[in-house]
Amino acid sequence: MDLPVVVGVDGSEAGLRAVDWAADEAALRGLPLRLVYASLWERYEGSRPAEDLGRPSEQVRAEDIVAAAARRASLRRADVKISTEVLPEEPEYTLVRESRGAALLVTGTRGRGGLAGALLGSVSLTVAGHAHCPMIVVRGDQDARDRPGRHGRVVVGVGDTPAAPATMRFAFEEARRRGAALEAVRAWRCPAHETTDHPQLAGEPARLHEQHAVDALDAALKEAPDVVVVRRRTVEGHARTVLVEASRDADLLIIGARRRPRHFGLQLGRVAHGVLHHCDCPVAVVPEPV
């Protein structure tokens with residue numbers, strides 16, 4: 001059985017954009033789409049039933065939200081098989097559990113009641129730090145009519161650690177699916193203590209750090225398939241700033257996230273936090289075991 005694309009549904013505008021994106025992703029992959037709504041309505045309503053329905057009013061509202069989202073997804077992608085579920089659980093717990101049986105997990109930036117703006121909501125941030133499958137957080141203000149691949153450019157961040165195979169495989173495949181070029185970006189910096197006032201040596205530390213960045217890109221891209229157009233970029237600066245700037249006019253930005261077994265704290269680093277909060281396009285977070 002094909003694993004589905006799972007999307008978290010909550011009725012917010014950001015959530016509806018995530019439904020659109022998830023429907024497109026399911027169509028791209030030829031996979032079913034699963035819409036999941038999770039809320040602890042029983043904690044707040046107890047057994048108080050909705051009028052004439054014998055169910056908590058929040059549950060009725062949740063079912064209406066999910067049904068409307070399913071209709072929206074069906075109108076957008078009629079060829080995608082859609083299933084839905086409403087659960088009386090914490091959304092973070094539910095989505096992390098759902099990620100165990102998903103090919104891809106999709107969320108929006110903020111749920112109902114969240115402030116509009118650049119920053120990411122707590123549910124998506126928590127899930128991004130613990131999901132077991134690749135996860136896409138639908139950032140940016142793309143029009144509902146947009147489809148993945150309209151810019152023809154997918155960006156992948158290459159970090160300080162040895163090449164992350166799962167992240168790179170995901171990046172190669174996403175570029176291939178979208179018919180897009182893959183831009184691999186490696187940020188580098190020359191620490192202040194390595195600079196020198198000697199005019200003949202002033203540029204040497206910087207050249208060494210830039211060459212290290214070039215070597216890191218070569219290692220990460222050594223298994224790039226011939227069908228994918230690859231572009232390499234080394235940029236001096238903070239990785240967070242470099243990747244956020246690279247996200248402009250990109251279809252997708254891909255980053256890896258190290259997963260430490262049996263570690264239950266937040267597992268995202270500062271770069272991932274900065275990208276998820278401020279990126280201009282959807283962000284894919286790919287789990288990489290330590």
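Begin by selecting R178 and E174, whose side chains are joined by a polar contact of 2.3 Å. The model on the screen is a predicted one. R178 belongs to helix 6, which covers residues 165–178. Colour R178 by accessibility next: this arginine is buried, at a relative accessible area of 8%.

Keep E174 displayed and add I254, since the tour now follows a contact between them. Apart from neighbours within four places in sequence, the residues in contact with I254 are V154, V155, V156, G157, T167, F170, A171, E174, A284 and V286.

Now widen the selection to the interior. I254 is among the residues with the most contacts inside the largest nonpolar core, together with V5, V7, V9, L33, V106 and L182. That core has 45 residues. A second core, separate from it, has 33 residues, including V6, V155, A250 and L268. In soluble globular proteins, nonpolar side chains tend to be buried together.

The last stop concerns the cysteines. How many disulfides does a search of the whole structure find? The search finds zero. Select C281 and C279 to examine one case. The sulfur of C279 is the nearest cysteine sulfur to that of C281, at 4.0 Å. A disulfide requires sulfur atoms within 2.5 Å, and C281 is in no disulfide. C281 is nevertheless buried, with a relative accessible area of 1%. Finally, select C133, which is also buried, its relative accessible area being 5%.

Conventions
Residues numbered from 1 in each chain as written. Predicted model: local features only at pLDDT ≥ 70, side-chain atom pairs only at ≥ 80, totals over all residues. Heavy atoms only, no water. Core = buried A, V, L, I, M, F, W, Y, C linked by side-chain atoms within 4.5 Å. Buried < 20%, exposed > 50% of the residue type's maximum accessible area, 1.4 Å probe, protein only. Contact = heavy atoms within 4.5 Å. Helix = DSSP H or I, 4+ residues; strand = E, 2+ residues; numbered from the N terminus. Polar contact = N/O pair within 3.5 Å; in protein donor to acceptor, adjacent residues only side chain to side chain.
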